[in-house]
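Dear colleague,

Please find below the structure that I am handing over to you, together with its sequence. My findings follow it.

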Protein chains: 2
Amino acid sequence: MSTRTLPGNPAEVRHMIETGEWRGVTAGVAPGFVQANLAILPKEQAFDFLLFCQRNPKPCPVLEVIEPGQVEPKSMAPGADIRTTIPKYRVYNNGEAAGDEDDVRSVWRDDLVSFLLGCSFSFENAMLNAGIPLRHIERQHNVSMFRTNIETTPAGPFSGPMVVSMRPVHHSQVVRAVQVTSRFPATHGAPVHVGDPEAIGIEDITRPDYGDPTEIREDEVPIFWACGVTPQAVAAKSKPPFMITHSPGYMFITDWRDEDMAVL
Amino acid sequence: MSTRTLPGNPAEVRHMIETGEWRGVTAGVAPGFVQANLAILPKEQAFDFLLFCQRNPKPCPVLEVIEPGQVEPKSMAPGADIRTTIPKYRVYNNGEAAGDEDDVRSVWRDDLVSFLLGCSFSFENAMLNAGIPLRHIERQHNVSMFRTNIETTPAGPFSGPMVVSMRPVHHSQVVRAVQVTSRFPATHGAPVHVGDPEAIGIEDITRPDYGDPTEIREDEVPIFWACGVTPQAVAAKSKPPFMITHSPGYMFITDWRDEDMAVL
């Protein structure tokens, strides 16, 4: 089933995922509703990870935390089971990816704490609504992501460089792009950098560390936003004994509307 | 020494507190710099309390968390010792106030986690800068605070009603009051309610649960903001074995400027 023919209601889409009727990448699905990154860690690591997110709200904006052993995102998707309603999960042992799963009930434990973190789709919708085109969407490729020389603020075992995503914006729309994305601090929000890639330690803008290369035209300025890959990279680097995340591109679809997250 | 003759530099004021040269209430001290509420809890309660704050960011905006046993607010006041640089502390055993202290080094433990939470002074400065007068400051009395029927979202042992502060605003300035305070989500930010006190469970607006009564004139509208008394009330109600807070009115003065906290 193609994304275009899916229902627009988040609960219906989650039901189709749970029953195996549909399990695709979630970009463009249930438009206008917030999608979330997922990180699940044992309670033993949960305080330090929550502290890491609190100290680094731009790359790690916490939307909801589900308490140890609980599986329902009571605030963002009441009634849902976080173990069965994401199209594809990734399971890690000691920081190493052990494989992708459709359902993580078989590996569930009573000490697991689930973190839902903001993703870029909300502010990208805000840009599109403001008439700012997004090349990676037009060309249907993945956004370009880069490791930077911007250090996150460590907490316990969690540390490492911030990962950013880059979108080229016409010089006449740079101010507007900063304004409209600033309304969404819970989903990465305002850019972390505008202009020269070298200033934040990116040596070759044509060679992203994650995702696909993106053309930047003469009359465009590269703008950089903190990226949700950061917490996953940081968590994996700390080699927790066990971790579950979503598989890249397969996000959790919540009942919240993008505008519910706006500060103004 | 009166507040007016104190230095304007936060580090100098903290030094005078630490040496005992001055230990007054901090309203109006080091104007333009962020002041913070303090809550210190054992590590055993820290994850749930951080989670409570994450779930209730309006009453409990986390500015900085100092890890177990550590005493330096590295982000907001590098070099300071959180145990000696607040003019007056309050120590609790099993939820009961055991007394006020000038210095808490003698009761310090290696498992204590310190939370600095936003306070209303930053958004009050924003209102004053926007030409919106504040009656409790003009009359030099405490702001009126009320328990409401707005329930916080619980986390572990922490739960209870939201406490709000009330400031009367001339009807012509209500919109501006919402706008200017919305810029400061890390220090309580936008109001939680405008107008009818009964709608949020306040039966008698002339009898505050905390602080002093405040006159509301015919042409004024009462506006309500989430209040930093909430986390203290909630924490005390959960009766943790041990807790330290600031004594009401005696806040921690940080090196951050109010404008550093603004989202736009």
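In this predicted model, helices α3(B) and α5(B) are oblique to each other, because an angle counts as oblique when it is neither under 35 degrees, nor over 145, nor 65 to 115. The angle in question, between α3 (residues 121–129) and α5 (residues 174–182) of chain B, is about 135°, and the two axes lie 9 Å apart. The crossing of α3(B) past α5(B) is right-handed. On the α3(B) side, the contact is made by B:F123, B:A126 and B:M127, while α5(B) contributes B:A177, B:V180 and B:T181. Five residues of this contact are nonpolar, one is polar and none is charged.

I turn next to the contact between the chains. Chain B and chain A give eleven residues each. On the side of chain B that touches chain A, the elements giving two or more residues are α2 (43–55) and β2 (62–66) of chain B. The largest share of that side, five residues, is supplied by α2(B). By character, the residues on the chain B side comprise nine nonpolar and two polar, with no charged ones.

Finally, the symmetry. A turn of 180° with a shift of 0.0 Å along the axis lays chain B on chain A with an RMSD of 0.0 Å. The chains therefore have the relation of a two-fold axis. Both copies use the same surface, since 100% of the contact residues of chain B recur in chain A. Among the residues of chain B, B:F47 comes closest to the rotation axis, with its C-alpha at 2.5 Å.

With kind regards

Conventions: Residues are numbered from 1 along each chain as its sequence is written. Chains are lettered from A and ligands numbered from 1 in the order in which they are written. This is a predicted model: local features need pLDDT of at least 70, side-chain atom pairs count only at pLDDT 80 or more; totals for chains, interfaces and linings use all residues. Axes are lines fitted to C-alpha atoms, for helices over the stretch in contact, and angles run from 0 to 180 degrees between N-to-C directions. Helices (H or I, at least four residues) and strands (E, at least two) are DSSP runs, numbered from the N terminus. A crossing is left-handed if the near helix is turned anticlockwise from the far one by less than a right angle, and right-handed if clockwise. Two residues are in contact if their C-beta atoms, placed from the backbone, lie within 7 Å. Ala, Val, Leu, Ile, Met, Phe, Trp, Tyr, Cys and Pro count as nonpolar, Asp, Glu, Lys and Arg as charged, and the others, Gly among them, as polar. Copies are superposed by least squares on the C-alpha atoms of residues with pLDDT of at least 70 in both.
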